[in-house]
Amino acid sequence: MSLDFSGRVAIVTGAGGGLGREHALALAKRGAKVVVNDLGGARDGSGGSASAAQAVVDEIIAAGGEAMANSASVTDFAAVQSMVQETMDKWGRIDIMINNAGILRDKSFGKMELEDFRLVIEVHLMGSVNCCKAVWPIMTAQNYGRIMMTTSSSGLYGNFGQSNYSAAKLGLVGLMQTLSIEGAKHDIRVNALAPTAATRMTNGLYPEAMLNAIQASDVVPAMLVLAAQDAPNRTILCAGAGSFEAAHISLTQGLFLGRGDDIDEQLLARLQEVKNTEAQSIPENGMAQGHQEIMAAMGAHKD
């Protein structure tokens with residue numbers, strides 16, 4: 001049975017094409033009223049046009065759904081606030097925030113201009129911050145919200161030539177981790193999706209045969225699960241080509257070495273023991289590391 005989004009209102013950024021378009025169409029098909037947001041710029045963030053977002057809206061309406069277009073840049077907080085207010089004026093609530101807008105300015109770190117680094121951070125990370133900040137009071141007041149960040153395996157694991165993109169995408173995971181904790185009491189569930197999909201963002205990165213295997217529509221089920229009423233909280237889902245995985249930021253059991261003049265040498269000699277993943281855990285919050293370390297120290301002193 002398909003997930004039902006009847007009565008829900010969703011904002012999808014970067015929805016004029018690629019993954020965002022697929023997300024918007026899928027949510028609308030399942031009953032959601034959708035704000036299709038897209039600046040309409042090029043892959044590197046230059047330019048802008050409202051036509052891409054409107055085309056998706058027209059497609060949704062032609063299929064019997066409800067949608068409206070918005071061309072605000074997610075980097076402009078005032079424009080994002082206006083988009084949110086326009087949504088509230090039209091539909092009276094906002095249930096789902098899909099942070100999907102992004103750009104690429106790939107180049108090896110040594111050759112990258114700092115302005116290209118800053119702009120990618122501004123669009124991916126601060127753009128999502130702006131959108132979350134604008135809808136947060138609404139979701140808090142209605143005691144319901146589903147927020148999805150679009151992260152990337154480049155952020156989780158690194159990728160040559162994408163230091164700016166990688167930093168932004170892992171930053172989104174950190175944002176997700178804390179917002180999921182802060183929003184829990186108001187049933188605001190915050191998750192992240194790491195997609196593998198053929199879009200204009202990946203043009204030229206893979207051979208044609210591989211691009212054919214990673215259709216953007218293959219990622220949509222993961223988005224629907226993360227945006228659903230029964231969505232998990234604080235989950236990183238990976239999706240592509242029909243496969244789905246979960247990524248975790250874990251903490252190894254580590255090794256108590258105490259204090260002393262030779263601790264650095266001991267650590268170097270026993271680093272593989274520290275990195276051993278056999279007894280690793282997934283911390284519930286950022287206090288877990290300190291708690292683990294304090295307990296180990298107290299246990300050692302007790303002995």
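Here are a few worked exercises on the predicted model shown above.

**Exercise 1: the cysteines**

Task: Work out how many disulfides the structure holds, and why cysteine 131 is not in one.

Solution:
- Start with the cut-off: two cysteine sulfurs have to sit within 2.5 Å to count as a disulfide.
- Now take cysteine 131. Its closest cysteine sulfur belongs to cysteine 132 and lies 7.0 Å away, so that gap is too far for a bond.
- Move on to cysteine 238. The nearest cysteine sulfur is again in cysteine 132, at 19 Å, and cysteine 238 is in no disulfide either.
- Finish with the whole structure: the search turns up zero disulfides.

**Exercise 2: buried or exposed?**

Task: Decide whether cysteine 131 and cysteine 238 are buried or exposed.

Solution:
- The cut-off you need is 20%: a residue under that relative accessible area is called buried.
- Cysteine 131 comes in at 1% relative accessibility, so put it down as buried.
- Cysteine 238 has a relative accessible area of 13%, so it goes down as buried too.

**Exercise 3: two helices that cross**

Task: Describe how helix H3 and helix H4 cross, and find which residues meet there.

Solution:
- Locate the pair first: H3 covers residues 77–91, and H4 covers residues 114–142.
- Then look at the geometry. Their axes come within 9 Å and cross at roughly 35 degrees, and the crossing is right-handed.
- Next, pick out the side of H3: Phe77, Val80, Gln81, Val84 and Met88 make the contact.
- Across from them, H4 brings Asn130, Cys131, Lys133, Ala134, Val135 and Ile138. Cysteine 131 from the earlier exercises turns up again here.
- Sort the contact by class and you get eight nonpolar, two polar and one charged residues.

**Exercise 4: reading the sheet**

Task: Give the strand order of the sheet, name its edge strands, and say which helices pack on it.

Solution:
- Walk across the sheet: eight strands run in the order E3-E2-E1-E4-E5-E6-E7-E8. The sheet is open, with mixed pairing.
- Check the ends. E3 (66–70) and E8 (243–247) each pair on one side only, which makes them the edge strands.
- From one strand to the next, the twist averages 20 degrees.
- Zoom in on E1 (residues 9–12) and E2 (residues 33–37): they run parallel and are joined by four bridges. There, isoleucine 11 stands opposite valine 35 in E2.
- Add helix H2 (residues 51–62), which packs on the sheet and touches E2 and E3. The direction of H2 makes about 175 degrees with that of E3.
- Last comes helix H8 (residues 220–227), lying across E4, E5, E6, E7 and E8. H8 runs at about 170 degrees to E6.

Note on methods: Residues are numbered from 1 along each chain as its sequence is written. This is a predicted model: local features need pLDDT of at least 70, side-chain atom pairs count only at pLDDT 80 or more; totals for chains, interfaces and linings use all residues. Side-chain values use heavy atoms; hydrogens and water are left out. Buried means under 20% relative accessible area, exposed over 50%, partly exposed in between (1.4 Å probe, protein chains only). Axes are lines fitted to C-alpha atoms, for helices over the stretch in contact, and angles run from 0 to 180 degrees between N-to-C directions. Helices (H or I, at least four residues) and strands (E, at least two) are DSSP runs, numbered from the N terminus. A crossing is left-handed if the near helix is turned anticlockwise from the far one by less than a right angle, and right-handed if clockwise. Contact means heavy atoms within 4.5 Å. Ala, Val, Leu, Ile, Met, Phe, Trp, Tyr, Cys and Pro count as nonpolar, Asp, Glu, Lys and Arg as charged, and the others, Gly among them, as polar. Two strands pair if DSSP finds at least two bridges between them.
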